[in-house]
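Me: I should like to learn how helix packing and pockets are read from a model. Please take the features one at a time.

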Amino acid sequence: MINKLSEAYGRFISALALLGCLMLLFMMLLIVSDVALRNFAISGGPQGIGWSNEVSEFILYAVTLCVAPWLLRQGQHIRVDIILQALPKRVAWGFEWVGDLLGLACCLVISYYGVQATWASYSANSLNIKTLVTPEWWSLVPLPLVFSLLSIEMLFRMHRLWLAERGPRNDAVSAA
């Protein structure tokens with residue numbers, strides 16, 4: 001049962017990572033279009049895309065959030081494991097648990113406070129006023145959602161650790 005949930009969840013976060021890739025492609029096309037319109041003026045046409053910087057900033061943030069759960073599942077997040085590789089296997093396995101529990105706790109805390117900040121922004125009708133005027137909560141809502149997804153992945157990660165051979169994880173190992 002849990003393996004089927006984990007597989008389905010893996011497909012979901014893979015789709016989310018693909019969405020992040022598509023957003024990155026859109027951002028690249030947006031920036032190229034903006035630069036081209038500013039440098040190759042078309043008579044009577046736009047002289048650039050005024051909102052491209054703001055949208056690009058948000059997309060960069062959104063791409064990071066969309067890809068984070070997938071990176072965690074793949075073991076491609078930043079990980080310093082040289083000490084784990086040098087420790088006895090059972091001790092390293094214990095430290096893997098400590099790291100996962102701390103990661104889960106951090107994700108849950110960020111989710112909780114992200115919801116609080118998003119709700120406060122929504123309740124106060126706070127606005128981001130730049131070239132575009134948007135409700136502030138639009139930029140805040142992805143944070144608790146993604147950290148909730150990261151929390152779920154941490155649980156699946158701990159389940160995989162429990163079932164694995166006692167020792168450090170083999171994903172993204174930096175030292176042999």
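Me: Is the crossing of helix 1 and helix 2 left-handed or right-handed?

Reply: Please note at the outset that this is a predicted model. Handedness is read from the sense in which the near helix is turned from the far one, anticlockwise by less than a right angle being left-handed. Here helix 1 and helix 2 cross in the left-handed sense. Sorted by class, the residues of their contact comprise 20 nonpolar, six polar and two charged.

Me: At roughly what angle do the axes of helix 1 and helix 2 cross?

Reply: The angle is taken between N-to-C directions, and values over 145 degrees count as roughly antiparallel. The axes of helix 1 (residues 2-39) and helix 2 (residues 52-74) cross at roughly 155° and come within 8 Å. The two helices are therefore roughly antiparallel to each other.

Me: How do helix 2 and helix 6 cross, at what angle and with which handedness?

Reply: For this pair the relevant cut-off is that angles under 35 degrees count as roughly parallel. The axes of helix 2 and helix 6 cross at roughly 10° and come within 8 Å, and helix 2 and helix 6 are therefore roughly parallel to each other. The crossing is left-handed. Among the residues making the contact are Phe58, Tyr61 and Leu65 of helix 2, with Val146, Leu149 and Met154 of helix 6. By class, this contact has 13 nonpolar, no polar and four charged residues.

Me: What is the volume of the largest pocket, and which residues are the closest to its centre?

Reply: A pocket may be described by its volume, then by its lining. The largest pocket has a volume of about 420 Å³. It is lined by 18 residues, of which His77, Ile78, Gly99, Met154 and Arg157 are the closest to its centre. Helix 3 (82-86), helix 4 (89-123) and helix 6 (142-163) each give two or more residues to this lining, and helix 4 supplies the largest share, six residues. The lining consists of 10 nonpolar, three polar and five charged residues.

Me: Which helix gives the most to the lining of the second largest pocket?

Reply: The same reading applies, from volume to lining. The second largest pocket has a volume of about 310 Å³. Its lining includes Glu54, Tyr61, Lys130 and Trp138. Helix 2 and helix 5 (136-140) are the elements that give two or more residues, and helix 2 gives the most, with five. By class, the lining of the second largest pocket has five nonpolar, three polar and three charged residues.

Notes. Residues numbered from 1 in each chain as written. Predicted model: local features only at pLDDT ≥ 70, side-chain atom pairs only at ≥ 80, totals over all residues. Heavy atoms only, no water. Axes fitted to C-alpha atoms, helices over the stretch in contact; angles between N-to-C directions. Helix = DSSP H or I, 4+ residues; strand = E, 2+ residues; numbered from the N terminus. Parallel < 35°, antiparallel > 145°, perpendicular 65-115°, else oblique. Nonpolar A, V, L, I, M, F, W, Y, C, P; charged D, E, K, R; others polar. 1 Å grid on protein atoms, 1.4 Å probe; cavity = no way out; pocket = protein on both sides within 12 Å on 5 of 7 lines; lining within 4 Å. Points joined across faces, edges and corners; volume = space filled by probe spheres on them. Contact = heavy atoms within 4.5 Å.
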